[in-house]
Amino acid sequence: MRSLNRKTTNQNQDLPIKMLQFGGGNFLRAFVDWMVEVLNKETNFNGGIAIVKPTIGGDYSELKAQDGLYTVVLDGIKNGELVAEKSLVTSVRKVVNCYTEWEAYLDLAKNPDLRFIVSNTTEAGIKFNEEDSFEDKPPTEFPAKLTIWLHHRFQYFKGDTSKGCILLPCELIENNGDALKKCVLAYADSWQLDSDFTEWIDSANHFCSTLVDRIVSGYPKERAGNIQEELGYEDELLVAGEYYHSWVIQGPDAVQKELPFSQTDLNVAFVNDLALYREMKVRILNGAHTAMVPVAYLAGIRFVKEAMDDKTISSYVASLLLEEAAKTLDFPDDIKRKFVSDVLDRFRNPLLKHQLISISLNSTSKFIARLLPTLKDYYTNEGRLPKRIVFGLSALIRFYKGEIDGESIPLKDDQKVLDIFASQWIKYDSNELTLKELSQSLLSNTSIWKEDLTKIDGLVESVSRNIDEIDKKGIRQALKNERLHG
(Lines give C-alpha, C1' and ligand atoms only; values in the text may rest on other atoms or scores of the structure.)
Protein backbone atom coordinates (compact mmCIF):
# COMPACT_ATOMS: atom_id res chain seq x y z
CA MET A 1 0.00 0.00 0.00
CA ARG A 2 1.35 3.44 -0.91
CA SER A 3 2.53 5.91 1.69
CA LEU A 4 0.63 9.14 2.23
CA ASN A 5 2.51 12.22 1.05
CA ARG A 6 2.05 14.98 -1.49
CA LYS A 7 3.86 13.11 -4.24
CA THR A 8 1.84 9.90 -3.99
CA THR A 9 -1.46 11.78 -3.77
CA ASN A 10 -0.57 14.52 -6.26
CA GLN A 11 -1.40 17.22 -3.70
CA ASN A 12 1.06 19.85 -4.82
CA GLN A 13 -1.06 22.99 -4.82
CA ASP A 14 0.74 25.94 -3.24
CA LEU A 15 -1.29 27.71 -0.55
CA PRO A 16 -0.14 30.92 1.11
CA ILE A 17 0.25 30.35 4.84
CA LYS A 18 -2.46 32.38 6.54
CA MET A 19 -2.76 30.54 9.84
CA LEU A 20 -0.24 29.84 12.60
CA GLN A 21 -1.37 26.94 14.76
CA PHE A 22 0.08 26.09 18.17
CA GLY A 23 -0.52 22.37 18.50
CA GLY A 24 -0.97 19.54 16.04
CA GLY A 25 -2.92 17.15 18.23
CA ASN A 26 -6.03 15.22 17.35
CA PHE A 27 -8.52 17.93 18.23
CA LEU A 28 -7.12 20.80 16.21
CA ARG A 29 -6.48 18.55 13.22
CA ALA A 30 -10.04 17.19 13.25
CA PHE A 31 -11.64 20.54 14.02
CA VAL A 32 -9.89 23.72 12.89
CA ASP A 33 -7.75 22.21 10.13
CA TRP A 34 -10.74 20.28 8.80
CA MET A 35 -12.72 23.52 8.73
CA VAL A 36 -9.93 25.33 6.87
CA GLU A 37 -10.04 22.51 4.32
CA VAL A 38 -13.76 23.16 3.84
CA LEU A 39 -13.13 26.91 3.53
CA ASN A 40 -10.50 26.28 0.87
CA LYS A 41 -12.80 24.01 -1.13
CA GLU A 42 -16.01 26.02 -0.87
CA THR A 43 -14.84 29.65 -0.65
CA ASN A 44 -11.99 31.83 -1.85
CA PHE A 45 -10.20 31.62 1.52
CA ASN A 46 -7.16 29.92 -0.08
CA GLY A 47 -5.17 29.56 3.12
CA GLY A 48 -2.45 27.22 4.33
CA ILE A 49 -1.53 26.35 7.91
CA ALA A 50 1.82 26.28 9.70
CA ILE A 51 1.74 24.03 12.76
CA VAL A 52 4.08 24.80 15.64
CA LYS A 53 5.01 22.26 18.32
CA PRO A 54 4.18 24.13 21.56
CA THR A 55 5.63 21.60 24.03
CA ILE A 56 8.98 19.85 24.32
CA GLY A 57 7.69 16.28 24.06
CA GLY A 58 7.50 14.69 20.62
CA ASP A 59 8.56 16.14 17.30
CA TYR A 60 5.59 15.69 14.92
CA SER A 61 7.78 13.40 12.80
CA GLU A 62 4.75 11.55 11.39
CA LEU A 63 3.14 14.81 10.29
CA LYS A 64 6.36 15.89 8.61
CA ALA A 65 6.81 12.49 6.94
CA GLN A 66 3.31 12.77 5.45
CA ASP A 67 3.96 16.34 4.24
CA GLY A 68 1.22 17.61 6.57
CA LEU A 69 -1.42 15.32 5.04
CA TYR A 70 -3.81 13.16 7.05
CA THR A 71 -7.36 11.85 6.94
CA VAL A 72 -10.27 12.86 9.15
CA VAL A 73 -13.02 10.27 9.68
CA LEU A 74 -16.25 11.75 11.02
CA ASP A 75 -18.87 9.46 12.54
CA GLY A 76 -22.38 10.39 13.52
CA ILE A 77 -25.91 11.07 12.44
CA LYS A 78 -26.47 13.02 9.25
CA ASN A 79 -29.96 13.42 7.79
CA GLY A 80 -31.18 10.70 10.12
CA GLU A 81 -28.60 8.13 9.04
CA LEU A 82 -25.39 6.85 10.57
CA VAL A 83 -22.48 8.07 8.46
CA ALA A 84 -18.70 7.87 8.41
CA GLU A 85 -17.30 10.60 6.17
CA LYS A 86 -13.63 10.58 5.22
CA SER A 87 -11.76 13.75 4.23
CA LEU A 88 -8.13 14.23 3.25
CA VAL A 89 -6.82 17.42 4.87
CA THR A 90 -4.28 19.13 2.62
CA SER A 91 -4.09 22.61 4.14
CA VAL A 92 -1.16 22.01 6.52
CA ARG A 93 1.81 23.38 4.58
CA LYS A 94 4.54 23.62 7.20
CA VAL A 95 5.44 21.93 10.49
CA VAL A 96 7.91 23.63 12.84
CA ASN A 97 9.33 22.43 16.15
CA CYS A 98 10.31 25.62 17.95
CA TYR A 99 12.51 23.62 20.34
CA THR A 100 14.82 22.57 17.52
CA GLU A 101 13.90 25.13 14.84
CA TRP A 102 13.70 28.39 16.76
CA GLU A 103 14.85 30.60 13.89
CA ALA A 104 12.40 28.92 11.50
CA TYR A 105 9.67 29.63 14.03
CA LEU A 106 10.58 33.32 14.20
CA ASP A 107 10.84 33.50 10.41
CA LEU A 108 7.13 32.72 10.21
CA ALA A 109 6.54 36.15 11.74
CA LYS A 110 7.90 37.71 8.56
CA ASN A 111 5.15 36.19 6.41
CA PRO A 112 2.90 39.05 5.19
CA ASP A 113 0.03 36.64 4.41
CA LEU A 114 -0.18 35.24 7.93
CA ARG A 115 -3.28 36.58 9.65
CA PHE A 116 -4.78 33.99 12.01
CA ILE A 117 -3.36 32.32 15.12
CA VAL A 118 -5.05 29.25 16.60
CA SER A 119 -4.09 27.31 19.73
CA ASN A 120 -5.17 24.41 21.87
CA THR A 121 -2.74 23.92 24.73
CA THR A 122 -5.31 22.54 27.24
CA GLU A 123 -6.79 24.48 30.14
CA ALA A 124 -3.34 24.67 31.75
CA GLY A 125 -1.67 26.16 28.67
CA ILE A 126 -2.62 29.82 28.95
CA LYS A 127 -0.65 31.08 31.92
CA PHE A 128 2.13 33.48 32.86
CA ASN A 129 5.40 32.08 34.20
CA GLU A 130 7.75 34.62 35.73
CA GLU A 131 10.68 32.27 35.11
CA ASP A 132 10.27 32.61 31.33
CA SER A 133 12.86 34.91 29.78
CA PHE A 134 12.79 36.91 26.55
CA GLU A 135 16.19 35.37 25.77
CA ASP A 136 14.90 31.79 26.06
CA LYS A 137 14.85 29.87 22.77
CA PRO A 138 12.13 28.93 23.51
CA PRO A 139 10.58 29.90 26.85
CA THR A 140 8.42 27.31 28.58
CA GLU A 141 4.88 28.63 28.30
CA PHE A 142 2.89 29.00 25.08
CA PRO A 143 1.95 32.69 25.72
CA ALA A 144 5.65 33.47 26.20
CA LYS A 145 6.52 31.86 22.87
CA LEU A 146 3.66 33.78 21.27
CA THR A 147 4.77 37.11 22.75
CA ILE A 148 8.28 36.73 21.32
CA TRP A 149 6.80 35.82 17.93
CA LEU A 150 4.45 38.81 17.95
CA HIS A 151 7.30 41.12 18.98
CA HIS A 152 9.41 39.76 16.12
CA ARG A 153 6.54 40.46 13.73
CA PHE A 154 6.04 43.94 15.16
CA GLN A 155 9.70 44.79 14.63
CA TYR A 156 9.96 43.24 11.17
CA PHE A 157 6.94 45.16 9.82
CA LYS A 158 7.91 48.30 11.77
CA GLY A 159 4.66 48.46 13.72
CA ASP A 160 2.40 48.23 10.64
CA THR A 161 -1.11 47.89 12.09
CA SER A 162 -2.24 45.91 9.03
CA LYS A 163 0.14 43.13 10.05
CA GLY A 164 -1.60 42.40 13.33
CA CYS A 165 -3.29 39.03 13.79
CA ILE A 166 -6.65 37.53 14.65
CA LEU A 167 -6.16 35.13 17.55
CA LEU A 168 -8.62 32.28 18.04
CA PRO A 169 -7.62 30.26 21.13
CA CYS A 170 -9.52 26.99 21.56
CA GLU A 171 -8.49 26.25 25.15
CA LEU A 172 -11.53 25.53 27.28
CA ILE A 173 -11.21 28.35 29.79
CA GLU A 174 -13.57 31.24 30.30
CA ASN A 175 -12.83 34.24 28.08
CA ASN A 176 -9.85 32.47 26.56
CA GLY A 177 -9.13 35.36 24.19
CA ASP A 178 -8.97 37.86 27.03
CA ALA A 179 -6.87 35.47 29.11
CA LEU A 180 -4.36 35.01 26.30
CA LYS A 181 -4.10 38.76 25.69
CA LYS A 182 -3.58 39.35 29.41
CA CYS A 183 -0.69 36.86 29.43
CA VAL A 184 0.93 38.43 26.36
CA LEU A 185 0.75 41.89 27.94
CA ALA A 186 2.09 40.50 31.22
CA TYR A 187 5.14 39.12 29.41
CA ALA A 188 5.60 42.42 27.56
CA ASP A 189 5.59 44.21 30.89
CA SER A 190 7.84 41.67 32.63
CA TRP A 191 10.37 41.83 29.81
CA GLN A 192 10.12 45.62 29.62
CA LEU A 193 9.27 45.64 25.92
CA ASP A 194 8.62 49.08 24.49
CA SER A 195 5.25 50.76 24.85
CA ASP A 196 4.79 50.98 21.06
CA PHE A 197 4.67 47.18 21.01
CA THR A 198 2.00 46.95 23.73
CA GLU A 199 -0.01 49.59 21.88
CA TRP A 200 0.30 47.52 18.68
CA ILE A 201 -0.84 44.39 20.57
CA ASP A 202 -3.87 46.27 21.84
CA SER A 203 -4.90 48.07 18.65
CA ALA A 204 -3.73 45.91 15.74
CA ASN A 205 -4.62 42.42 17.01
CA HIS A 206 -7.97 40.82 17.78
CA PHE A 207 -7.94 38.35 20.68
CA CYS A 208 -11.26 36.56 20.12
CA SER A 209 -12.73 34.36 22.82
CA THR A 210 -14.10 31.16 21.31
CA LEU A 211 -16.00 28.05 22.30
CA VAL A 212 -15.34 24.77 20.51
CA ASP A 213 -17.40 21.60 20.47
CA ARG A 214 -16.59 18.31 18.81
CA ILE A 215 -15.75 14.97 20.34
CA VAL A 216 -12.50 13.75 18.79
CA SER A 217 -11.55 10.19 19.70
CA GLY A 218 -8.20 10.04 17.94
CA TYR A 219 -6.65 7.21 15.95
CA PRO A 220 -9.34 4.59 15.16
CA LYS A 221 -7.08 1.62 15.89
CA GLU A 222 -9.64 -1.16 15.57
CA ARG A 223 -10.81 -0.15 12.10
CA ALA A 224 -7.72 1.64 10.80
CA GLY A 225 -6.80 -1.27 8.55
CA ASN A 226 -10.17 -1.35 6.82
CA ILE A 227 -10.22 2.43 6.45
CA GLN A 228 -6.75 2.48 4.90
CA GLU A 229 -7.66 -0.33 2.52
CA GLU A 230 -10.62 1.73 1.38
CA LEU A 231 -8.50 4.87 1.04
CA GLY A 232 -5.69 3.12 -0.78
CA TYR A 233 -2.88 4.53 1.34
CA GLU A 234 -1.28 4.16 4.76
CA ASP A 235 -2.07 7.00 7.13
CA GLU A 236 -0.35 7.02 10.52
CA LEU A 237 -2.33 10.10 11.51
CA LEU A 238 -5.88 8.97 10.88
CA VAL A 239 -8.09 10.86 13.30
CA ALA A 240 -11.70 10.03 14.08
CA GLY A 241 -14.32 12.27 15.59
CA GLU A 242 -18.04 12.84 15.65
CA TYR A 243 -19.80 14.52 12.74
CA TYR A 244 -21.33 17.11 15.10
CA HIS A 245 -19.29 20.27 15.48
CA SER A 246 -19.79 23.81 16.77
CA TRP A 247 -17.50 26.83 16.96
CA VAL A 248 -18.80 29.99 18.62
CA ILE A 249 -16.57 33.04 18.12
CA GLN A 250 -16.89 36.33 19.96
CA GLY A 251 -15.32 39.10 17.94
CA PRO A 252 -15.86 42.18 15.79
CA ASP A 253 -17.62 42.07 12.43
CA ALA A 254 -14.27 42.43 10.67
CA VAL A 255 -13.27 38.95 11.84
CA GLN A 256 -16.42 37.40 10.40
CA LYS A 257 -15.71 39.04 7.05
CA GLU A 258 -12.22 37.57 6.91
CA LEU A 259 -13.41 34.05 7.82
CA PRO A 260 -16.14 33.24 5.25
CA PHE A 261 -17.80 30.46 7.26
CA SER A 262 -21.21 31.88 6.30
CA GLN A 263 -20.60 30.66 2.76
CA THR A 264 -20.44 27.06 4.00
CA ASP A 265 -22.64 24.69 6.01
CA LEU A 266 -20.16 24.67 8.88
CA ASN A 267 -21.74 25.21 12.28
CA VAL A 268 -19.82 28.38 13.15
CA ALA A 269 -21.50 31.31 14.89
CA PHE A 270 -20.15 34.81 15.49
CA VAL A 271 -21.68 36.36 18.59
CA ASN A 272 -21.30 39.43 20.78
CA ASP A 273 -21.29 37.41 24.01
CA LEU A 274 -20.61 33.69 24.21
CA ALA A 275 -20.94 33.40 27.99
CA LEU A 276 -24.29 31.59 27.88
CA TYR A 277 -23.12 29.24 25.13
CA ARG A 278 -19.98 28.46 27.06
CA GLU A 279 -21.71 27.84 30.37
CA MET A 280 -24.16 25.35 28.85
CA LYS A 281 -21.48 23.47 26.98
CA VAL A 282 -18.87 23.43 29.73
CA ARG A 283 -21.19 22.44 32.57
CA ILE A 284 -23.04 19.73 30.68
CA LEU A 285 -20.92 18.28 27.86
CA ASN A 286 -17.45 18.82 29.31
CA GLY A 287 -18.64 18.41 32.88
CA ALA A 288 -20.06 15.00 32.00
CA HIS A 289 -16.76 13.93 30.48
CA THR A 290 -14.73 15.05 33.48
CA ALA A 291 -17.05 13.39 36.00
CA MET A 292 -17.33 10.21 33.94
CA VAL A 293 -13.61 9.55 33.45
CA PRO A 294 -12.44 8.59 36.96
CA VAL A 295 -15.72 6.88 37.86
CA ALA A 296 -15.83 4.72 34.73
CA TYR A 297 -12.09 4.04 34.70
CA LEU A 298 -12.12 2.81 38.30
CA ALA A 299 -14.99 0.52 37.25
CA GLY A 300 -12.73 -1.12 34.67
CA ILE A 301 -14.16 0.72 31.67
CA ARG A 302 -11.83 2.29 29.11
CA PHE A 303 -14.06 3.93 26.47
CA VAL A 304 -16.89 6.48 26.59
CA LYS A 305 -19.26 4.25 24.60
CA GLU A 306 -18.66 1.39 27.06
CA ALA A 307 -19.46 3.74 29.93
CA MET A 308 -22.75 4.70 28.29
CA ASP A 309 -23.61 1.03 27.71
CA ASP A 310 -23.12 0.36 31.43
CA LYS A 311 -26.42 1.05 33.21
CA THR A 312 -24.82 2.01 36.51
CA ILE A 313 -22.35 4.46 34.99
CA SER A 314 -24.76 5.96 32.43
CA SER A 315 -27.41 6.44 35.12
CA TYR A 316 -24.86 8.26 37.26
CA VAL A 317 -23.87 10.58 34.39
CA ALA A 318 -27.47 11.30 33.34
CA SER A 319 -28.53 12.01 36.94
CA LEU A 320 -25.56 14.31 37.48
CA LEU A 321 -26.49 16.33 34.39
CA LEU A 322 -30.25 16.50 34.90
CA GLU A 323 -30.46 16.76 38.67
CA GLU A 324 -27.34 18.80 39.42
CA ALA A 325 -25.63 20.55 36.49
CA ALA A 326 -28.84 21.58 34.70
CA LYS A 327 -30.26 23.11 37.88
CA THR A 328 -27.47 25.70 37.89
CA LEU A 329 -28.19 26.93 34.35
CA ASP A 330 -30.53 29.83 33.61
CA PHE A 331 -32.31 28.26 30.63
CA PRO A 332 -35.87 26.94 30.17
CA ASP A 333 -36.19 23.33 31.35
CA ASP A 334 -37.06 22.00 27.90
CA ILE A 335 -33.89 23.48 26.40
CA LYS A 336 -31.77 22.02 29.16
CA ARG A 337 -33.34 18.58 28.83
CA LYS A 338 -32.85 18.64 25.06
CA PHE A 339 -29.19 19.63 25.42
CA VAL A 340 -28.58 16.86 27.97
CA SER A 341 -30.33 14.33 25.72
CA ASP A 342 -28.22 15.37 22.73
CA VAL A 343 -25.02 15.09 24.76
CA LEU A 344 -25.86 11.59 25.97
CA ASP A 345 -26.72 10.54 22.41
CA ARG A 346 -23.37 11.85 21.21
CA PHE A 347 -21.62 9.82 23.90
CA ARG A 348 -23.46 6.72 22.64
CA ASN A 349 -22.22 7.08 19.07
CA PRO A 350 -21.26 3.47 18.22
CA LEU A 351 -18.50 4.47 15.80
CA LEU A 352 -16.54 6.66 18.20
CA LYS A 353 -13.71 5.02 20.13
CA HIS A 354 -13.06 7.75 22.69
CA GLN A 355 -10.59 6.57 25.31
CA LEU A 356 -11.22 7.69 28.86
CA ILE A 357 -7.49 7.93 29.52
CA SER A 358 -7.16 10.45 26.68
CA ILE A 359 -9.88 12.63 28.22
CA SER A 360 -8.14 12.39 31.61
CA LEU A 361 -5.32 14.73 30.56
CA ASN A 362 -5.02 17.53 33.16
CA SER A 363 -8.14 16.33 34.98
CA THR A 364 -7.55 18.59 37.98
CA SER A 365 -7.60 21.80 35.95
CA LYS A 366 -10.57 20.42 34.01
CA PHE A 367 -12.44 19.84 37.27
CA ILE A 368 -11.75 23.44 38.26
CA ALA A 369 -13.10 24.78 34.96
CA ARG A 370 -15.94 22.33 34.35
CA LEU A 371 -17.37 21.04 37.63
CA LEU A 372 -16.25 23.20 40.53
CA PRO A 373 -18.41 26.22 39.52
CA THR A 374 -21.42 23.90 39.25
CA LEU A 375 -20.68 22.37 42.65
CA LYS A 376 -20.47 25.80 44.29
CA ASP A 377 -23.55 27.22 42.54
CA TYR A 378 -25.61 24.15 43.41
CA TYR A 379 -24.54 24.42 47.05
CA THR A 380 -25.51 28.10 47.11
CA ASN A 381 -28.86 27.53 45.39
CA GLU A 382 -29.94 24.29 47.05
CA GLY A 383 -28.28 24.55 50.44
CA ARG A 384 -26.60 21.15 50.11
CA LEU A 385 -23.76 19.52 48.24
CA PRO A 386 -24.43 17.99 44.79
CA LYS A 387 -23.78 14.37 45.77
CA ARG A 388 -22.96 13.09 42.29
CA ILE A 389 -20.44 15.82 41.53
CA VAL A 390 -18.91 15.24 44.96
CA PHE A 391 -18.72 11.55 44.14
CA GLY A 392 -16.93 12.42 40.88
CA LEU A 393 -14.43 14.52 42.85
CA SER A 394 -13.91 11.63 45.26
CA ALA A 395 -13.30 9.25 42.37
CA LEU A 396 -10.88 11.75 40.84
CA ILE A 397 -8.81 11.87 44.02
CA ARG A 398 -8.80 8.05 44.13
CA PHE A 399 -7.93 7.95 40.39
CA TYR A 400 -4.92 10.19 41.06
CA LYS A 401 -3.47 7.57 43.36
CA GLY A 402 -2.20 6.20 40.06
CA GLU A 403 -3.25 2.59 40.48
CA ILE A 404 -6.34 0.44 40.82
CA ASP A 405 -6.38 -3.26 41.66
CA GLY A 406 -2.63 -3.47 41.09
CA GLU A 407 -2.85 -1.86 37.65
CA SER A 408 -0.94 1.36 37.03
CA ILE A 409 -2.96 4.34 35.74
CA PRO A 410 -1.00 6.46 33.21
CA LEU A 411 -1.77 9.86 34.73
CA LYS A 412 -0.96 13.02 32.78
CA ASP A 413 -1.05 16.35 34.57
CA ASP A 414 1.27 19.07 35.82
CA GLN A 415 4.16 17.22 37.46
CA LYS A 416 3.85 19.29 40.64
CA VAL A 417 0.22 18.22 40.95
CA LEU A 418 1.07 14.57 40.38
CA ASP A 419 3.86 14.77 42.97
CA ILE A 420 1.47 16.20 45.57
CA PHE A 421 -1.04 13.39 45.05
CA ALA A 422 1.68 10.74 45.06
CA SER A 423 3.26 11.96 48.30
CA GLN A 424 -0.06 12.15 50.14
CA TRP A 425 -1.20 8.72 48.99
CA ILE A 426 2.17 7.25 50.08
CA LYS A 427 1.64 8.76 53.54
CA TYR A 428 -1.85 7.26 53.66
CA ASP A 429 -0.64 3.80 52.62
CA SER A 430 2.06 3.94 55.31
CA ASN A 431 -0.56 4.89 57.92
CA GLU A 432 0.87 8.38 58.43
CA LEU A 433 -2.51 9.85 57.44
CA THR A 434 -6.08 8.75 57.96
CA LEU A 435 -8.41 8.91 54.99
CA LYS A 436 -10.02 12.03 56.38
CA GLU A 437 -6.61 13.64 56.86
CA LEU A 438 -5.67 12.67 53.31
CA SER A 439 -8.84 14.29 51.98
CA GLN A 440 -8.27 17.36 54.16
CA SER A 441 -4.70 17.73 52.93
CA LEU A 442 -5.50 17.33 49.25
CA LEU A 443 -8.68 19.42 49.19
CA SER A 444 -6.96 22.28 51.00
CA ASN A 445 -4.03 22.38 48.59
CA THR A 446 -4.32 25.57 46.56
CA SER A 447 -1.59 24.39 44.19
CA ILE A 448 -4.06 21.82 42.89
CA TRP A 449 -7.45 23.57 43.04
CA LYS A 450 -6.42 27.27 43.10
CA GLU A 451 -8.48 27.63 46.29
CA ASP A 452 -9.04 25.85 49.59
CA LEU A 453 -11.93 23.45 48.99
CA THR A 454 -12.14 22.49 52.66
CA LYS A 455 -13.99 25.77 53.19
CA ILE A 456 -17.01 24.13 51.52
CA ASP A 457 -18.96 22.72 54.47
CA GLY A 458 -19.13 18.97 54.56
CA LEU A 459 -16.91 18.34 51.54
CA VAL A 460 -14.00 16.73 53.38
CA GLU A 461 -16.30 14.31 55.20
CA SER A 462 -18.24 13.40 52.06
CA VAL A 463 -15.12 12.84 49.97
CA SER A 464 -13.40 10.70 52.58
CA ARG A 465 -16.52 8.53 53.06
CA ASN A 466 -16.90 8.11 49.30
CA ILE A 467 -13.27 7.06 48.83
CA ASP A 468 -13.64 4.61 51.71
CA GLU A 469 -16.69 3.02 50.05
CA ILE A 470 -14.94 2.93 46.65
CA ASP A 471 -12.02 0.99 48.12
CA LYS A 472 -14.06 -1.28 50.38
CA LYS A 473 -17.05 -2.03 48.15
CA GLY A 474 -15.87 -1.18 44.66
CA ILE A 475 -17.04 1.79 42.67
CA ARG A 476 -20.17 0.15 41.27
CA GLN A 477 -21.51 -0.71 44.70
CA ALA A 478 -20.55 2.74 45.96
CA LEU A 479 -22.52 4.25 43.07
CA LYS A 480 -25.55 2.14 43.85
CA ASN A 481 -25.58 3.49 47.37
CA GLU A 482 -28.41 5.98 47.05
CA ARG A 483 -26.90 8.27 49.63
CA LEU A 484 -23.84 8.98 47.46
CA HIS A 485 -22.53 10.95 50.42
CA GLY A 486 -22.98 14.64 49.78
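**The contact between domain 1 and domain 2**

User: Why is the pair D213 and R346 called a salt bridge?

Analyst: The side chains of D213 and R346 come to 2.7 Å, N to O. A salt bridge is a side-chain nitrogen of Lys or Arg within 4 Å of a carboxyl oxygen of Asp or Glu, so the pair qualifies. The rule finds three salt bridges across the interface of domain 1 and domain 2. This is a predicted model, in which local features need pLDDT of at least 70 and side-chain atom pairs count only at pLDDT 80 or more, while totals for chains, interfaces and linings use all residues. Residues are numbered from 1 along each chain as its sequence is written, and side-chain values use heavy atoms, with hydrogens and water left out.

User: How do you know where domain 1 and domain 2 begin and end?

Analyst: The domain assignment of the protein gives 2–271 for domain 1 and 274–485 for domain 2; such bounds come from an automatic or database assignment.

User: What makes a residue part of the contact, and how many are there on each side?

Analyst: Contact means heavy atoms within 4.5 Å. By that rule, 30 residues of domain 1 and 23 residues of domain 2 take part.

User: What is meant by the area that domain 1 and domain 2 bury?

Analyst: Buried area is the accessible area (1.4 Å probe) that two parts lose on being put together, summed over both. Here the value is about 2,200 Å², with 62% on carbon and sulfur atoms. On the domain 1 side, L172, L211 and I215 supply 25% of the area buried against domain 2, more than any other three residues.
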